[in-house]
Amino acid sequence: MSDRRPSRRSASAKRGLWLVGAVALFLCASWLTRGEEPEEKTTPISRGTVRLPTHMRHAERERQRQRMKPVSAIPAPSKESEPIPLRDPVMTAMPGPGDTKIAVVLEANAIRNSEIGELLLGCIDDEAQSWLEEAKGKGIDVVQDLDRVAVADKLVILSGNFAGAKLDQLGGESRRAVSYGKHQIWEPESYGEYLALWNGEMILAGENREEVEAALDRLDGKRPPSERPAIREGSAYGEVYGALSPELIEQLMGADELGIGKRIAEIADEIEIHADVTSDVGLVVEVHGADPKAMDDLSRAVGGAMAMARLSAGQENKKDLTELLDLARVMPDRSRFTVELALPRSFIESRLSHCKK
Amino acid sequence: VITAIHIAIDLLREAVSRKWFIAIFVGITLILGASALSLEMEVVDGALAATTLFGESLDTEGIRPAEVVLRPIFAAAAYVVFYGGLVFGVLACADFGPSLLAPGRIEHLLSLPVRRWSLLAGTFIGVMIVALVAALYGAGGFTLILAYKTGVTSSGLVRAALLATACFAAVYGAMLSAATFARSAALSAIVGLVVFVGGIFSGYRERIAPLFEAGLGRRAFQLVAPLFPPISAIADASALIARDALLDSGDLWRRVIGMGIFGVAALLLAVWRFERADY
């Protein structure tokens with residue numbers, strides 16, 4: 001009996017070790033599995049909060065309404081009781097869609113006062129700063145007085161408050177004033193742009209004199225206005241908007257492997273772009289065409305090209321481009337399709353972070 | 001250890017011979033087959049243009065890179081594989097422990113030159129192998145279907161299945177432990193489901209705790225929830241992995257190892273109980 005007792009005790013102690021081991025491991029497991037829920041190492045950029053400019057908002061409609069004014073290009077009404085039709089002078093000065101490959105408007109003031117604008121202002125280097133100072137000395141405070149910048153091929157239109165602008169010395173070039181009707185055109189003495197001031201609110205700058213004269217003529221009603229403006233009134237939304245000719249897209253894309261540029265030039269009639277830069281940047285490219293079937297095929301080809309671009313960006317370890325193309329999509333809609341791109345503010349901030357330094 | 005492995009192999013033979021178990025594998029095969037036949041995806045140069053499931057069009061948010069569009073699908077599939085696999089494992093394996101300890105059989109096994117702990121360890125290993133094979137079969141099959149349909153190959157679902165198996169170790173450890181206290185397949189399954197549901201709450205305990213009124217209820221929840229393995233935290237991690245998200249791998253490994261250790265701890269508890277029992 002005395003021999004069996006220690007043996008039983010030993011067996012019991014051995015069994016107790018299993019329990020001790022179990023408790024110890026439970027505690028160890030509890031310690032190892034502690035903590036919050038797992039999260040992604042880096043917060044992925046998300047298109048969720050990015051506003052994509054797909055239509056005109058109330059504020060933009062109001063902005064457009066406030067810009068409408070009697071422009072002499074519009075024929076006087078036949079009866080006194082008829083309301084005087086109003087037009088946007090900037091749009092009136094721009095050539096028609098058939099005459100331009102590119103017609104784009106930047107809402108400079110809106111961009112300046114946006115969160116992205118603040119970031120961009122931080123990126124102004126010394127050279128740009130001295131140019132701004134010089135322009136200010138000539139009566140043009142670009143940061144405060146500039147409202148819009150419109151580009152139509154070789155014609156650039158600046159709108160804003162330029163009542164005190166001295167165009168003769170702008171940009172470090174000396175210019176001489178030449179009369180053109182009731183206006184004056186400043187011609188560069190050696191090289192530079194031809195400039196004209198309209199109503200103290202628009203500066204017209206052209207690579208050659210004819211472009212500036214044509215713009216003044218459109219404003220004065222000496223040339224019949226285009227059947228429709230380069231940018232439709234209903235398309236003036238976003239902080240950047242405009243129209244590109246399909247041929248320009250073909251030129252820009254060059255000889256792409258899939259021949260997308262060529263197909264766009266063949267099938268598309270019109271391409272509109274809209275960008276919202278209020279907080280994030282949302283870009284929408286709207287492609288219109290006459291043949292719904294061809295447009296549907298084209299939209300798939302563009303979507304495929306973007307998917308392939310994303311794939312090769314991933315293979316080349318271009319993380320930024322891969323993330324951006326992650327957020328891109330093509331939305332087919334009968335005789336048109338839109339290409340949507342989203343650049344969240346966090347993405348832009350990270351790219352402009354060097355400016356703060 | 002070799003004895004335990006022999007016992008595990010015996011258990012696998014038994015699993016194969018069980019018609020119900022085979023029926024489950026046939027069921028998984030049918031689900032995979034139905035998915036393969038009903039899921040139509042139109043992929044153009046890597047972009048997903050349209051998807052139909054059982055003839056119904058699914059909104060793909062326009063034409064987007066197939067890999068990007070499929071991320072939520074992979075994440076959802078990871079949840080299905082993870083939670084579905086665990087529930088399947090609990091129900092399918094509930095009877096293994098009690099049948100091992102069934103009167104007649106256990107006496108026969110104990111008469112053999114086999115250590116008691118080897119019997120339980122062998123059963124545990126065998127069940128884990130069954131769970132692993134089933135999880136890999138389901139996850140691998142769905143991965144192959146999506147790869148065939150879209151050209152997108154991702155190891156995310158298979159990795160989710162492996163994580164689910166690690167969690168099942170914790171759940172099955174508790175089930176086997178319960179079987180040593182009462183030889184009941186029903187009790188074993190109930191304990192497994194309690195650990196499963198408790199594990200879901202445990203993983204979200206930081207979020208759930210504020211829902212309780214401050215005081216005794218919240219305090220009790222905060223004390224009890226950490227006792228369960230945080231299964232939902234691993235499920236979330238598996239979904240993130242399936243959608244190609246970057247995770248803190250050190251943190252994930254810590255939790256997965258913790259899950260495994262929970263399972264071993266439960267197994268030790270079962271061994272402690274089994275060593276004391278008289279058959």
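This report describes salt bridges, strand pairing, two buried residues and the contact between chains A and B in a predicted model.

## Salt bridges across chain A

Over all chains, the count comes to 34 salt bridges. One of them joins Arg57(A) and Asp276(A), whose closest N and O atoms are 3.6 Å apart. Arg57(A) lies in the loop between α1 (4-32) and α2 (58-67) of chain A, while Asp276(A) is in strand β9 (residues 268-276) of that chain, so the bridge ties together parts that are 219 residues apart in sequence. The two ends have different settings: Arg57(A) counts as partly exposed because its relative accessibility is 28%, whereas Asp276(A), at 1%, counts as buried.

Strand β9 of chain A also holds Glu272(A). This residue forms a salt bridge with Arg232(A), with 3.8 Å between the closest N and O atoms. Arg232(A) belongs to the loop between α8 (209-220) and β8 (240-244) of chain A, so this pair ties together parts that are 40 residues apart in sequence. Glu272(A) has a relative accessible area of 6% and is therefore buried. Arg232(A), at 35% relative accessibility, counts as partly exposed.

## A salt bridge inside one helix, and a network

Where do Lys262(A) and Glu266(A) both lie? Their place is helix α10 (residues 260-267) of chain A, where they are four residues apart, about one turn of the helix. Lys262(A) and Glu266(A) form a salt bridge, and the closest N and O atoms are 3.0 Å apart. Lys262(A) counts as partly exposed, with a relative accessibility of 48%. Glu266(A) has a value of 52% and counts as exposed, since the cut-off for exposed is over 50%.

Other salt bridges of chain A are linked to one another. Arg63(A), Arg67(A), Asp88(A), Glu107(A), Asp147(A) and Arg148(A) form a network of this kind.

## Strand pairing in chain A

Strand β1 (residues 102-106) of chain A pairs with β8(A): the two run antiparallel and are joined by five bridges. Within this pairing, Ala103(A) has Ala243(A) in β8(A) as its bridge partner.

β1(A) also pairs with strand β2 (residues 146-152) of chain A, in the antiparallel sense and over four bridges. Here Leu106(A) is matched with Val149(A) of β2(A) as its bridge partner. In a regular strand, side chains alternate between the two faces of the sheet.

## Two buried residues of chain A

Ser159(A) is placed in strand β3 (residues 155-160) of chain A. With a relative accessibility of 5%, Ser159(A) counts as buried. Which residues is Ser159(A) in contact with, leaving aside its neighbours within four places in sequence? They are Val90(A), Asp145(A), Leu146(A), Asp147(A), Arg148(A), Glu201(A) and Met202(A). Asp147(A) and Arg148(A) also belong to the salt-bridge network described above.

Arg218(A) is part of helix α8 of chain A. It counts as buried, at 11% relative accessibility. The C-alpha atoms of Arg218(A) and Thr92(A) are separated by 6.5 Å, although the two residues are 126 residues apart along the chain.

## Where chains A and B meet

The size of an interface is often given as the accessible area lost when the parts come together. Between chain B and chain A, the buried area is about 3,800 Å², and carbon and sulfur atoms give 63% of this area. The contact involves 46 residues of chain B and 40 residues of chain A.

How many salt bridges are there between chain B and chain A? The count is one. In this bridge the side chains of Asp326(A) and Arg71(B) meet, at 3.2 Å from N to O. Three residue pairs are in polar contact between the two chains, both residues of a pair being at pLDDT 80 or more.

Several elements of chain B give two or more residues to the side that touches chain A, among them β1 (39-44), β2 (47-53), α3 (66-93) and α12 (249-276). α12(B) gives the most, with 16 residues. By class, this side of chain B has 27 nonpolar, four polar and 15 charged residues.

Key: Residues are numbered from 1 along each chain as its sequence is written. Chains are lettered from A and ligands numbered from 1 in the order in which they are written. This is a predicted model: local features need pLDDT of at least 70, side-chain atom pairs count only at pLDDT 80 or more; totals for chains, interfaces and linings use all residues. Side-chain values use heavy atoms; hydrogens and water are left out. A salt bridge is a side-chain nitrogen of Lys or Arg within 4 Å of a carboxyl oxygen of Asp or Glu. Buried means under 20% relative accessible area, exposed over 50%, partly exposed in between (1.4 Å probe, protein chains only). Contact means heavy atoms within 4.5 Å. Buried area is the accessible area (1.4 Å probe) that two parts lose on being put together, summed over both. A polar contact is a pair of N or O atoms within 3.5 Å; within protein, one must be able to donate a hydrogen and the other to accept it, and residues adjacent in sequence count only if both atoms are side-chain atoms. Ala, Val, Leu, Ile, Met, Phe, Trp, Tyr, Cys and Pro count as nonpolar, Asp, Glu, Lys and Arg as charged, and the others, Gly among them, as polar. Two strands pair if DSSP finds at least two bridges between them.
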